[in-house]
Amino acid sequence: MIRSTAFAIPALAASLLMASSVAMAQAQPKLKVGLMLPYSGTFTALGVAIENGFRLYVDEQGGKLAGREIEFFKVDDESDPSKATDNVNKLIKRDNVDVLVGTVHSGVAMGMARAAKESGTLLIVPNAGSDAVTGPMCAVNIFRSSFSNWQSSYGMGTVAAKQEKKKTAMTITWKYAAGEEMTNAFKEGFEKEGGKVSKQLTLPFPNVEFQALLTEIAAAKPDAVFAFFAGGGAVKFVKDYAAAGLNKTIPLYGSGFLTDGTLEAQGDAAQGLLTTLHYADGLNTPRDNQFRLAYAKTFKMQPDVYAVQGYDAAQMLATGLAAVKGDVSRKAEFAAALQKAKIDSPRGPFTLSKSHNPVQDIYLRKVDGKENKVVGIASKSLSDPARGCRM
Ligand code: BEZ
């Protein structure tokens with residue numbers, strides 16, 4: 001009798017322990033991550049690379065962040081700002097996601113930021129550089145793992161004037177927030193160093209009929225041209241610029257999106273182009289080498305800047321989640337943890353500014369074969385001015 005009680009007590013304790021750990025596992029439901037990205041149109045490859053990068057980091061953590069398994073919900077935003085509110089509400093209201101990750105297009109990202117601010121849903125922007133998202137729209141629950149449009153292009157302006165000794169330039173881009181903010185940032189840097197932007201050309205997004213504008217550039221003969229295009233539009237623009245013979249007479253500069261993830265398709269037309277961006281080929285750091293090897297093995301292709309930004313969006317989520325033990329409702333603590341963190345990115349370590357935008361080096365890159373080879377640093381530890389952010 002006495003002996004059986006002695007055995008029964010530890011057995012009872014063990015089963016209670018087991019029951020409580022099962023209950024704990026059940027108390028941590030899957031973390032619902034809503035990916036709102038372009039899976040059609042000119043930015044399709046960018047959306048896919050961001051998702052690949054995000055999934056790679058999650059897989060490296062055994063499929064869980066802060067002990068929570070991840071369940072993905074996906075919406076194709078088509079890079080269409082007019083559908084942004086409906087699309088983001090599919091994730092917020094229909095799917096009840098815990099975290100939003102998106103998107104590529106600045107106009108769509110502003111719609112997402114508005115909805116995230118209103119609903120309080122956590123948002124990590126893995127590309128779109130809209131200055132407003134970490135400017136007037138900044139909020140405790142909104143973060144960016146990529147860049148601001150200003151940040152990507154200001155340094156190219158200073159390099160074109162100071163190092164390349166260009167006196168006059170024209171800019172060309174799509175007429176929407178990203179194009180306008182990047183070309184204005186180039187102008188700001190270029191004119192601060194004594195250059196003059198004579199004309200800023202635009203065409204509607206995602207139009208790729210460049211011929212009339214190229215004819216205008218050829219007639220005006222500026223010392224240089226600065227362009228923002230990305231994805232399929234960048235491939236077409238760089239090829240058309242070369243086909244018109246302009247690459248022989250008027251140097252073309254760009255924010256790095258002009259040649260990132262596009263070199264295979266651009267071929268000879270892109271050779272020698274100088275661009276600025278927060279990522280480059282040939283960094284040759286242990287962190288970047290490890291990332292590139294893992295990405296190439298998993299997806300059978302080389303990573304680009306978009307893959308890095310997706311990977312880092314997942315790293316940022318993991319950092320914030322670890323601090324709040326997986327509880328995304330603790331927004332202030334989540335934000336405080338990220339504010340203190342140094343993100344170990346393949347691009348090089350970065351911190352976040354008060355407005356939750358990366359403070360990072362902007363590389364000067366030169367196209368060589370199929371690589372955007374790093375040739376220098378255009379701006380060291382560059383922080384976005386976050387004009388209009390009150391937080
Ligand atoms: C943007 O809309 O912010 C954007 C799109 C593609 C590449 C870079 C920026």
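Here's a short walk through the ligand site and the disulfide of this predicted model.

**Stop 1: the ligand and its cavity.** Select the ligand and turn on a cavity display. The ligand sits in the largest cavity. Now bring up the shell around the ligand, which holds 16 residues. Which of them come nearest? Look for Val104, Ser106, Gly129, Tyr176 and Ala178.

**Stop 2: the polar contacts.** Keep the ligand on screen and pick three of those residues one by one. Start with Ser106: one of its polar side-chain atoms lies 2.6 Å from a ligand oxygen. Go on to Gly129, where a polar backbone atom is 3.0 Å from an oxygen atom of the ligand. Finish with Val104, and show its backbone here, since a backbone N or O atom lies 3.3 Å from an oxygen of the ligand. Taken on its own, the ligand has 260 Å² of accessible area, and the protein covers 100% of that.

**Stop 3: the shell by class and domain.** Colour the shell residues by class. How many are nonpolar, polar and charged? You'll get 11 nonpolar residues and five polar ones, with no charged residue in the shell. Next, recolour by domain, with domain 1 as 31-147 + 283-359 and domain 2 as 150-277. Each domain gives at least three residues to the shell around the ligand.

**Stop 4: the disulfide.** Leave the ligand and select Cys138 and Cys389. These two cysteines form a disulfide, with 2.2 Å between their sulfur atoms. The count for the model comes to one disulfide. Check the torsion while you're there: the Cys138 and Cys389 link has 90 degrees about the S-S bond and is right-handed.

Note on methods:
Residues are numbered from 1 along each chain as its sequence is written. This is a predicted model: local features need pLDDT of at least 70, side-chain atom pairs count only at pLDDT 80 or more; totals for chains, interfaces and linings use all residues. Side-chain values use heavy atoms; hydrogens and water are left out. A residue is near a molecule or strand if one of its heavy atoms lies within 4 Å of it. A polar contact is a pair of N or O atoms within 3.5 Å; within protein, one must be able to donate a hydrogen and the other to accept it, and residues adjacent in sequence count only if both atoms are side-chain atoms. Accessible areas come from the Shrake-Rupley method with a 1.4 Å probe; for residues, only the protein chains shown count as cover. On a 1 Å grid over the protein atoms alone, a cavity is a set of points where a 1.4 Å probe fits but cannot get out, and a pocket is an open set with protein on both sides within 12 Å along at least five of seven lines; lining residues have an atom within 4 Å of a point. A molecule sits in a cavity or pocket if more than half of its atoms lie within 2 Å of its grid points. Ala, Val, Leu, Ile, Met, Phe, Trp, Tyr, Cys and Pro count as nonpolar, Asp, Glu, Lys and Arg as charged, and the others, Gly among them, as polar. Domain bounds come from an automatic or database domain assignment. A disulfide is a pair of cysteine sulfur atoms within 2.5 Å.
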